[in-house]
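Here is a set of short exercises to work through with the model open beside you. Try each task by yourself before reading its solution.

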Amino acid sequence: MARQRSSILPRRFYRRDSRVVAPELLNKVLLCRGAAGRIVEVEAYVGAIDPGSHAYRGKTARNATMFGPPGHLYVYFTYGMHWCANAVCESDGIGSAVLLRALAPLEGIDAMLVRRGERPPRELCSGPARLCQALAIDGEDDGADLVAADRGIRILDDGTPSPARAGCSRRIGLTKGVEHPWRWFVPDDPNVSRRTPPRFLV
DNA sequence: ACCGGGATGTTCT
DNA sequence: GAACATCCCGGTG
């Protein structure tokens, strides 16, 4: 079967529960100004019902993008030095998003090596802050519309299906909402940020 | 392999 | 003042 031409994911793709969107983002392609990688690890942050989410306590200046329309990029700063990027989900007014945790590098690897320092390819994008550094995503990109390719950032469907059986586990690095199994990853991909025993496959 | 600690500064209590 | 959706490095086994 011939592979279809790459297309930008439409707004309606994001306008659903982040727990549904997250596993469907696996094997899509994040493209940012010439650098690109295939999404191999994600986490869902659900909003008002999720104590692990930035949106849990309501809208603030920092998390405002999470409460905006779906299909935009929510970028936040953490641990005094790192940026992390999410795809905003659900309808306008609901704080819901998918954290992009790891990519398999596809294009612009030379630029990634300059930004991240010389290292094995599997260490370029294997973590939410690493992938932002590799693609040069920072706070300037908060709010970028992925459907309109604002700032040259978009998510493409190149015809590669999401895994028939994605790995699933608890989310990484949280102290609240730890019990929810809302992390998904491509099994056995070397770019996944951490080897975690999957509780089940979907 | 695994583990502990430090970097660094914004956000929220 | 504490917490933080992290990463890196240097220790030990």
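Rings of Phe, Tyr and Trp (its six-membered ring) form an aromatic pair if their centres lie within 6.5 Å; planes under 30 degrees apart count as stacked, over 60 as edge-to-face and the rest as tilted. Before you start, note that this is a predicted model, where local features need pLDDT of at least 70, side-chain atom pairs count only at pLDDT 80 or more, and totals for chains, interfaces and linings use all residues. Residues are numbered from 1 along each chain as its sequence is written, chains are lettered from A and ligands numbered from 1 in the order in which they are written, and side-chain values use heavy atoms, with hydrogens and water left out.

**Exercise 1. Rings and charges**

Task: Find how many aromatic pairs the whole structure holds, and classify the one formed by Phe13 and Tyr14.

Solution. Step one: the search of the whole structure gives three aromatic pairs. Step two: the ring centres of Phe13 and Tyr14 are 5.3 Å apart with 80 degrees between the planes, so this pair is edge-to-face. Step three: check accessibility, where buried means under 20% relative accessible area, exposed over 50% and partly exposed in between (1.4 Å probe, protein chains only). Phe13 and Tyr14 are both buried.

Step four: look for charges over rings (NZ of Lys or CZ of Arg within 6 Å of the ring centre and within 35 degrees of the ring normal). Arg16 places its charged end over the ring of Phe13, 5.0 Å from the centre. Tyr45 has Arg171 over its face, at 4.6 Å from the ring centre.

**Exercise 2. The nonpolar cores**

Task: Identify which residues touch the most other members of the largest nonpolar core.

Solution. Start with the meaning: a nonpolar core is a set of buried Ala, Val, Leu, Ile, Met, Phe, Trp, Tyr and Cys residues joined through side-chain atoms within 4.5 Å. The largest one has 45 residues, and those touching the most other members are Leu25, Leu30, Val42, Ile137 and Trp184. A second, separate core has 10 residues, among them Ala55, Met66, Phe67 and Ala97. As background, nonpolar side chains tend to be buried together in soluble globular proteins.

**Exercise 3. DNA strand B**

Task: List the residues around DNA strand B, then sort them by character.

Solution. First, a residue is near a strand if one of its heavy atoms lies within 4 Å of it. Around DNA strand B these are Arg57, Thr60, Phe77, Tyr79, Gly80 and Met81. Next, sort them: Ala, Val, Leu, Ile, Met, Phe, Trp, Tyr, Cys and Pro count as nonpolar, Asp, Glu, Lys and Arg as charged, and the others, Gly among them, as polar. That gives three nonpolar, two polar and one charged.

Finally, inspect the polar contacts (a pair of N or O atoms within 3.5 Å; within protein, one must be able to donate a hydrogen and the other to accept it, and residues adjacent in sequence count only if both atoms are side-chain atoms). Thr60 has a polar side-chain atom 2.8 Å from a phosphate oxygen of DNA strand B. A polar backbone atom of Tyr79 is 2.3 Å from a base oxygen, and one of Gly80 is 3.4 Å from a base nitrogen.

**Exercise 4. DNA strand C**

Task: Work out which residues are closest to DNA strand C and which element gives the largest share of the surface near this strand.

Solution. Of the 21 residues that surround DNA strand C, the closest are His54, Tyr76, His82, Asn86 and Arg130. Sugar and phosphate make up 54% of the strand's atoms within 4 Å of the protein. Turning to base contacts, a side-chain N or O atom of His82 lies 2.8 Å from a base oxygen, while one of Asn86 lies 2.6 Å from a base nitrogen. Two or more residues of this surface come from each of β5 (82–88), β6 (97–107) and α4 (128–135); helices (H or I, at least four residues) and strands (E, at least two) are DSSP runs, numbered from the N terminus. The largest share, three residues, belongs to α4.

**Exercise 5. Burial and backbone**

Task: Decide whether Ala36 is buried or exposed, and do the backbone check for Glu90.

Solution. Ala36 is found in strand β3 (residues 35–45) and counts as buried because its relative accessibility is 2%. Its C-alpha atom is 7.6 Å from that of Leu135, 99 residues away along the chain. Glu90, in the loop between β5 and β6, has a positive phi of about 65 degrees although it is not a glycine.
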